[in-house]
Amino acid sequence: MKTHLDKYGLVFLYGCYSSSHNTTAEFLCRNSHIQKRDVADLDKTLISTGKRILNLPTRANVNLVHLSTNKGGAALPLFRALLDVHAISHAFRLLASDDQLTSDVAFAGLRGVVRKKILRDPTPSECAEFLNGNKAGDFARESGDLSTLWSRARQAADRLFKFIKFSWTFNEELGCFNLNIYRSPNPVCVVPSTAGLVARLLRDDLESFYIMQLSSLVDQGKTVEVFSQHPASNHFLQAGDFTRFCDWNFIHRARLGCLQLNATMRFSKRNPKCRKGGYVRETIPHVLNHCKPHSDAWKRRHDAIQNRVARAISSSVGSVAINKKFPGIAQTLIPDMVLTKKSGEVFVIDFTVAFEDRLSSFAKARQGKIDKYLPIVEHLRREGKVAHVDAIVVGSLGSWDPSNDAALAQMGVSKKYAKLMRKLICSDTIRWSRDIYIQHLTDKKQY
Ligand SMILES: [Zn+2]
């Protein structure tokens, strides 16, 4: 049961994780008794390596390093937490084993350990309380605990409660242990037949905690809940597809609000005003979405998205018109794209690049576009046509709004092509935003 892991073993463990062979690392975590102190140094190394890979300054929040690549992180776990997850999973799987002998021996072992703690025969519910890290009443007694897999599961639960909410219970009716994971909105109760899911469920909850904790930061946490929503926003993290090195070096800093701008540099006494035009605060959203000297680049960034979508609509679906005017309606209302399907159905679509400042920014940008072009749709409906209006919203830091997918499907873009197009659009947008930022700093035109 006990496997000794030396320094090289730990480095190997890291290698397993940083490559895609996570299962090897999981196997080692599951089946080894690794000392906490052994992993403390490894965690430090992983964090500094992760920050170097993502080109983040040391002051950057570490949570991004621990997120999976789908969520925009470097997928380097906090090993201390991962070991705790596996300690609990291992204990649960033994107690839940299909093999009666294994589960009986496991239960007897657990009862023996709890008996040593409370100095009497424990009930099954008291065994669950022991695993929950309960320190009240009889459990308060200091005992010269030997380290067993049960005491390690107890300590692991105690540490993980800081991040995730779950508890062990004993189901008297069925005579088995359950693990309740109180995730919102849908809590999960793991029963013996689903024991294999424990590690994944706890890891997912740990990841949700990292996202929530990062998003609670005023300066670094504005964008994470948006870019972690859709894998297309982070597709380049695995293999760097469609992404230049300079975009890579820009994007993670930008997402964590750590760019070298007058109002975002920490501990600097510099004037926070924009170096161009003197706007009060030179922030990332200001430079990428509001600073007027860059309006030409914004237009190109916007058109790049529009052109990709226009090209994705096959002529067999209908005809596409760009910047189409509707005589008889306010002349200022010129939607980016109008698709007239062969059936006569009309789709009015506008494209917008919004800064991903919390989820509400995307909802607001979409609603703004829908409200703006509603008069056209109402006009068409009065003429007896079937008409719809929607928007394609992309974050200036390459976040894909999941609500775009319904609009693409309605426009007849095939699922297969949409998958590739989303990635291309997110990468295009990041490239434009990086060029705008560098031009802002250096005055050198980047395109
Ligand atoms: Zn400005």
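**Two sheets and the helices that pack on them**

Hi everyone, let me start with one pair of residues: Ala-321 stands opposite Val-338 in strand E5. Before I go on, this is a predicted model, where local features need pLDDT of at least 70, side-chain atom pairs count only at pLDDT 80 or more, and totals for chains, interfaces and linings use all residues. Residues are numbered from 1 along each chain as its sequence is written.

A quick word on terms. Helices (H or I, at least four residues) and strands (E, at least two) are DSSP runs, numbered from the N terminus. Two strands count as paired if DSSP finds at least two bridges between them.

Back to our pair. Strand E4 covers residues 318-322 and E5 covers residues 337-341, and five bridges hold them in antiparallel pairing. Ile-322 also has a partner in E5, namely Met-337.

Moving along, E5 is joined by four bridges to strand E6, residues 346-354, again antiparallel. Here Leu-339 has Phe-347 in E6 as its bridge partner. What does Gly-344 do in the hairpin of E5 and E6? Gly-344 takes a positive phi near 100°, in a hairpin with four residues between the strands.

Put together, this is an open sheet of four strands in the order E4-E5-E6-E7, with mixed pairing. E4 and strand E7 (387-395) are at the edges with a single partner strand each, so one side of each has no neighbour in the sheet. From one strand to the next, the twist averages 20°. For angles, axes are lines fitted to C-alpha atoms, for helices over the stretch in contact, and values run from 0 to 180 degrees between N-to-C directions.

Helix H14, residues 295-312, lies across E4, E5, E6 and E7, at about 140° to E6. Contact between two residues means that their C-beta atoms, placed from the backbone, lie within 7 Å.

Now the other sheet. Three strands form an open, antiparallel sheet in the order E1-E2-E3. Its edge strands are E1 (166-171) and E3 (188-190), each pairing on one side only. Neighbouring strands here are turned by 25° against each other on average, direction ignored.

How many bridges pair E1 with strand E2? Six, in the antiparallel sense, with E2 spanning residues 176-181. One pair to click on is Trp-168, whose bridge partner in E2 is Leu-179. Helix H7, residues 124-131, packs on this sheet and touches E1 and E2, with its direction at about 170° to that of E1.

Thanks for listening!
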